[in-house]
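Please open the structure in your viewer and keep the selection tool at hand. The tour below proceeds stop by stop, stating what to select and what is to be found there.

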Amino acid sequence: MAAVEGNSGLGLCTVALNLQDINGENENTLAVFVDLDGTLCPTDMHHVVFYFIYGLPSTRQRWLKLALFFPYLGFIVGPACLLGEGATIKLLAWLALSSVSEADAEVASQEVTRRLTQLARPQLLAELKSHQEHGRPIAIITGNLQPLVAHFCSSINAACLSSRSLVKNGYHTGFLAGGPLIGPLKSELLHGIFESQPGTLLSGVYGYGNSKNDKAFLSVVEHARAVTPDSKLERHATEQGWPSHHHEVEESDHGQQLGGTARLIFVAVLFVLSCR
């Protein structure tokens with residue numbers, strides 16, 4: 001058993017995994033690390049934030065946050081993209097979590113779980129279940145926010161390695177407790193879990209990712225898998241000889257995505273009309 005907390009001041013969640021010496025007595029005790037957005041689920045972080053806001057039990061707080069979220073949607077396709085992934089996560093953390101109580105966040109996270117359970121790629125879920133049946137512990141490794149996705153991770157019996165929220169007096173401040181878990185920080189965390197030196201290939205460990213942002217942590221695991229990868233990751237996977245799995249979004253998934261977008265636009269129109 002290895003309990004690990006993110007180093008370098010990341011403030012990542014403490015994780016306990018049943019990790020024995022994978023080259024030692026128990027060769028079947030391995031680990032599997034899976035990116036969430038775009039890999040396990042065909043979503044982006046802003047989808048998850050919307051699901052969370054939609055699930056907030058306070059009607060007043062829900063509408064106030066939606067009033068801020070809709071202008072953000074117009075901003076995200078422009079200047080926000082230039083800010084980088086880390087800055088975007090910090091902005092989304094403030095939008096979703098500022099002034100939300102821990103109790104209300106737990107309620108809203110159940111809505112996130114409901115949506116992600118519907119959207120999760122069945123092919124990859126089946127593969128993860130097979131890993132678990134072979135005694136390999138699963139961890140979701142994501143830049144997404146712990147209060148939003150921890151409940152979903154628990155629902156699939158996976159540890160949650162994610163960006164932590166700063167909490168004071170039972171309320172989320174909207175700030176991160178450390179930096180967002182992205183890019184090279186994912187591989188740094190993996191080396192911390194296995195107590196290995198940076199640059200060491202983690203023997204027997206599996207990793208699943210979908211974008212160029214996952215390249216760093218996939219490069220340190222022995223069994224890297226590219227899941228419906230973007231062009232940059234697919235090119236790198238081909239160069240490295242990593243298997244690529246292209247999971248088509250099923251009809252029901254298209255419906256979920258389009259339905260969510262339509263509802264979002266509909267709510268925006270209602271909000272504008274109500275303000276007149």
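A residue is called buried when its relative accessible area is under 20%, exposed when it is over 50%, and partly exposed in between. The model on the screen is predicted.

**First stop: helix α6**

Select residues 122-133, which form helix α6. The helix has 12 residues, and the distance from its first C-alpha to its last is 16 Å, close to the 16 Å expected at 1.5 Å a residue. Now colour Leu124, Leu128 and His131, the buried residues of α6. Turn the view until you look down the axis of α6: the buried residues fall within an arc of 50°, so they line one face of the helix. Which residues are exposed on the other side of α6? They are Lys129 and Glu133.

Next, display what covers the buried residues of α6. The cover includes the strands β3 (32-34), β4 (138-145), β8 (202-209) and β9 (221-227). Before leaving this region, select Gly135, just after α6, where phi is positive, at about 80°.

**Second stop: Thr39**

Select Thr39, in the loop between β3 and α1. Is Thr39 buried or exposed? Its relative accessibility is 0%, and Thr39 therefore counts as buried. Show its surroundings, leaving aside the neighbours within four places in sequence: Thr39 is in contact with Val34, Arg121, Leu124, Tyr208, Gly209, Asn210, Asp214 and Val227. One of these contacts, Leu124, was coloured at the previous stop as a buried residue of α6.

Draw a distance between the C-alpha atoms of Thr39 and Asn210. They are separated by 5.2 Å, although the two residues are 171 residues apart along the chain. Then display the side chains of Thr39 and Asp35, which make a polar contact of 2.8 Å. Asp35 leads to the next stop.

**Third stop: the salt bridges around Lys186**

How many salt bridges does the structure hold? There are four, and this tour visits some of them.

Select Asp35 and Lys186. These residues form a salt bridge in which the closest N and O atoms are 3.2 Å apart. The pair links distant parts of the chain, with Lys186 in helix α8 (residues 184-194) and Asp35 in the loop between β3 and α1 (45-54), 151 residues apart. Both Lys186 and Asp35 are buried.

Keep Lys186 selected and add Asp214. Their side chains also meet in a salt bridge, at 3.2 Å from N to O. Because Lys186 lies in helix α8 and Asp214 in the loop between β8 and α9 (215-218), this pair ties together parts that are 28 residues apart in sequence. Salt bridges that share partners thus join Asp35, Lys186 and Asp214 into one network. The relative accessible area is 4% for Lys186 and 2% for Asp214.

Extend the selection to the whole of α8. Its buried residues are Lys186, Ser187, Leu189, Leu190, His191, Ile193 and Phe194. Just after α8, Glu195 takes a positive phi of about 50°.

**Fourth stop: a salt bridge within helix α5**

Select Glu111 and Arg114. Both lie in helix α5 (residues 102-119), three residues apart, which is about one turn of the helix. They form a salt bridge, with the closest N and O atoms 2.9 Å apart. Glu111 has a relative accessible area of 14% and is buried, whereas Arg114, with a relative accessible area of 41%, is partly exposed.

**Last stop: two asparagines in loops**

Most residues other than glycine have a negative phi. The two residues at this stop have a positive one.

Select Asn157, in the loop between α7 (146-155) and β5 (159-163). Asn157 is not a glycine, yet its phi is positive, at about 60°. With a relative accessible area of 62%, Asn157 is exposed.

Then move to Asn169, in the loop between β6 (165-168) and β7 (171-176). What is the phi of Asn169? It is about 55°, again positive in a residue that is not a glycine. Asn169 is exposed, with a relative accessible area of 80%.

Terms used. Residues are numbered from 1 along each chain as its sequence is written. This is a predicted model: local features need pLDDT of at least 70, side-chain atom pairs count only at pLDDT 80 or more; totals for chains, interfaces and linings use all residues. Side-chain values use heavy atoms; hydrogens and water are left out. Helices (H or I, at least four residues) and strands (E, at least two) are DSSP runs, numbered from the N terminus. The expected span of a helix is 1.5 Å times one less than its number of residues. Buried means under 20% relative accessible area, exposed over 50%, partly exposed in between (1.4 Å probe, protein chains only). The arc is that of the directions from the helix axis to the C-beta atoms. Contact means heavy atoms within 4.5 Å. A polar contact is a pair of N or O atoms within 3.5 Å; within protein, one must be able to donate a hydrogen and the other to accept it, and residues adjacent in sequence count only if both atoms are side-chain atoms.
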